[in-house]
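User: Hello! I would like a close look at one part of this model, followed by a walk through its surroundings.
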Amino acid sequence: VQLQASGGGLAEAGGSLRLSCAASGSLHSIDVVAWYRQVSGKQRELVASITPGFNTNYAYSVKGRFTISRDSAKNTLYLQMNSLMPEDTAVYYCRMGRVRLGRPFEEYWGQGTQVTVSS
């Protein structure tokens, strides 16, 4: 599985960005689908996740502002980010994973896309 993240850039506070994560390869049984972010020198943190049944979960800091979604036909994961704040500045990563019978957990990460929010 290969993940290609895109859509990062510079935005003003209050603005919006949409991140995309295009997945390729064998996506059978993928059930961990999420966005993370990391500020230099800090631990990577979960931003949002979505299950195969389209149930979503968000970090408290982004709830009500960010929306995670997936397009199964396009094998693409999205993160719509609205009402951006300077503290949203980070490198954003998409992550996918799966458990298959008799195999260890398989985890895949995108390359990261920088989001910078100016005040």
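In which loop does F54 lie?

Analyst: Happy to take you there. F54 sits in the loop between β5 and β6 (56-58); strands here are DSSP runs of E with at least two residues, numbered from the N terminus. This is a predicted model, in which local features need pLDDT of at least 70 and side-chain atom pairs count only at pLDDT 80 or more, while totals for chains, interfaces and linings use all residues. Residues are numbered from 1 along each chain as its sequence is written, and side-chain values use heavy atoms, leaving out hydrogens and water.

F54 is not a glycine, yet it has a positive phi of about 70 degrees. Its relative accessibility is 47%, so F54 counts as partly exposed (buried is under 20% relative accessible area, exposed over 50%, and partly exposed in between, with a 1.4 Å probe and protein chains only).

Let us step back from that loop into β5 (residues 45-50), which runs antiparallel to β4 and is joined to it by 4 bridges; two strands pair if DSSP finds at least two bridges between them. The two strands form a hairpin with 6 residues between them, and G41 in its turn has a positive phi of about 85 degrees. Strand β4 (residues 32-38) is largely enclosed by the rest of the structure, because 5 of its 7 residues are buried. W35 has A48 as its bridge partner in β5, and it stands opposite C94 in β9. β4 and β9 are antiparallel, with 7 bridges between them. From there the pairing passes on: β9 (residues 90-98) is also antiparallel to β10, over 4 bridges, with G97 partnered by E107. E107 belongs to the uncovered face of β10 (residues 106-109) together with W109, whereas E106 and Y108 make up the covered face.

Another non-glycine residue with a positive phi is N75, at about 50 degrees. N75 is in the loop between β7 and β8 and, at 34% relative accessibility, is partly exposed. N75 also helps to line the largest pocket, along with A23, L27, I30, V33, R70, D71, S72, T76, L77 and M96. The elements giving two or more residues to that lining are β7 (66-71) and β8 (76-81). A pocket is an open set of points on a 1 Å grid over the protein atoms alone where a 1.4 Å probe fits, with protein on both sides within 12 Å along at least five of seven lines; lining residues have an atom within 4 Å of a point. The space in this pocket is about 170 Å³, taken as what is filled by probe spheres set on the points, which are joined across faces, edges and corners.

β7 and β8 also belong to an open, antiparallel sheet of 4 strands, ordered β1-β3-β8-β7. β1 and β7 are at its edges with a single partner strand each, so one side of each has no neighbour in the sheet. At the β1 edge, 5 bridges join β1 to the antiparallel strand β3 (residues 17-24). Q4, in β1 (residues 2-6), has A22 as its bridge partner in β3. Leaving aside residues up to four places away in sequence, Q4 touches S20, C21, A22 and Q111, where contact means heavy atoms within 4.5 Å. Q4 is partly exposed, with a relative accessible area of 49%.
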